[in-house]
Amino acid sequence: MYDPPAYLWAITIAGPVAVAALTCFVLYRGAERAGLGRRRTVLLGGAAAVVFGRWLAASAVIAGHGWYRTLPWFPLAAAGYLGLLLALARIPVVARALAAPGMVSRLELPHAPRVVGVVFLLYLALGHLPPLFALPAGLGDITSGLAAPLVAHRLTRGGGRRGALWFNAFGITDLVVALTLGALTGFHLLHVTPSSAPITELPLALIPTATVPLFLALHVTAVSALLRAPRTRLPATVPATAAAS
C-alpha cells in the first residue's frame, strides 16, 4: 500500500469536494430560477450536500478497509452511485431545478475542478502509476477542466451548442477510457509495472468511486438538456442577402 505525500492527499481530496460543492450550488441556483421557493431551494441544496458528503465519507471508509482492492466492490460502488444519482435526478423537485432557465450552461461548471487530474501525472512522475493509465486519465481530465468554463461562457451568451455537445462527448469518453484502463491495469487484467493499484486505495479511490459517477451524471444531464434546448434560428423576415452576410 502506497502512502502518498501530504500535498497529493490535499490536491486529491480538494477535487471531489470542489466538484460536490459546485454541483450543490448549481442545483441551488436552478431551484431559485425554477421558482421553487426559498424553503425548497435551501432543502434541495442541503439534501444534495448530504448525499454527496455521505457517499464521499462512506467511500473513504470502504477504501480505508481495503475492500476496493478486490472485485467486484470497486465497479459496483461506481456503478451503484451513478445509478443513484440518475435516479435522484428524476425526482420532480430535482427535475424542475435541472430544467430551469440557464441550467444548460451551469451544468458544465462543476467540470472545472477536473484539472485536479494532474494528480495522476504526479503519481506517474513518482513512479506509482503506469503511463498507460496515468497519461490519458490525467491529460483528459486537465483538458476537460480547462475547457469547461469556456463552454459554459459560450452557452451563457446564447451560442456554443454544438461545441458543448462535443465537450460532453469528449468528457464521457475520457471518463470511460480512464475507468477501463484503471480497472484493467489495477486488477492485473493487463500486466504493467507499476500497476494502477493505488486507484483502489486512499486518497485516489475517491476519484473513480465518488467523483467520476458525478461527472458522468452531469454529462448525461447536460446532453439531455442540450438536445431539448431550442436551436437559434434566423427570423423568417430577414432578407436572404442579410442572412448570407
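Long-range contacts dominate the count in this predicted model. Of the contacts between residues at least 6 apart in sequence, 79% join residues at least 24 apart. The chain has 10 helices and zero strands. Its radius of gyration is 20 Å, which agrees with the value near 18 Å for a compact globule of 245 residues.

**Fold and dimensions**

- From the N terminus on, the order of elements is α-α-α-α-α-α-α-α-α-α.
- Along the principal axes, the C-alpha atoms fill a box of roughly 65 × 45 × 30 Å.

**Surface and charge**

- Buried residues account for 43% of the 245 residues.
- The accessible surface of the chain is about 12200 Å². Carbon and sulfur atoms hold 70% of that surface.
- The chain carries 18 positive and 6 negative charges. The mean positions of the two sets lie 19 Å apart.

**Nonpolar cores**

- The largest nonpolar core has 54 residues. Those touching the most other members are Phe52, Tyr68, Leu107, Phe120, Leu129, Phe133 and Leu204.
- Eight named helices each supply at least two residues of this core: H1 (6-33), H2 (38-64), H3 (73-88), H4 (92-98), H6 (118-125), H7 (131-156), H8 (161-186) and H9 (206-228).
- Helix H9 gives the most to this core, with 11 residues.
- Another core, of six residues, lies apart from the largest one. Its members include Leu155, Ala164, Phe167 and Leu226.

**Phe120 and its contacts**

- Phe120 is among the core residues that touch the most other members.
- Setting aside neighbours within four places in sequence, Phe120 is in contact with Leu129, Phe133, Ala134, Ala137, Gly138, Asp141, Leu204 and Ile207.
- Three of these partners, Leu129, Phe133 and Leu204, are also listed with Phe120 among the core residues touching the most other members.

**Ala79 in helix H3**

- Ala79 is found in helix H3.
- Its relative accessibility is 49%, so Ala79 counts as partly exposed. The cut-off for exposed is over 50%.
- Ala79 and Pro213 are 134 residues apart along the chain. Their C-alpha atoms are separated by 7.3 Å.

Technical notes: Residues numbered from 1 in each chain as written. Predicted model: local features only at pLDDT ≥ 70, side-chain atom pairs only at ≥ 80, totals over all residues. Heavy atoms only, no water. Helix = DSSP H or I, 4+ residues; strand = E, 2+ residues; numbered from the N terminus. Rg over C-alpha atoms; globule rule 2.2 N^0.38 Å. Buried < 20%, exposed > 50% of the residue type's maximum accessible area, 1.4 Å probe, protein only. Contact = heavy atoms within 4.5 Å. Areas by Shrake-Rupley, 256 points an atom, 1.4 Å probe, with all protein chains shown as cover. Lys, Arg positive; Asp, Glu negative; His and termini not counted. Charge placed at Lys NZ, Arg CZ, Asp CG, Glu CD. Core = buried A, V, L, I, M, F, W, Y, C linked by side-chain atoms within 4.5 Å.
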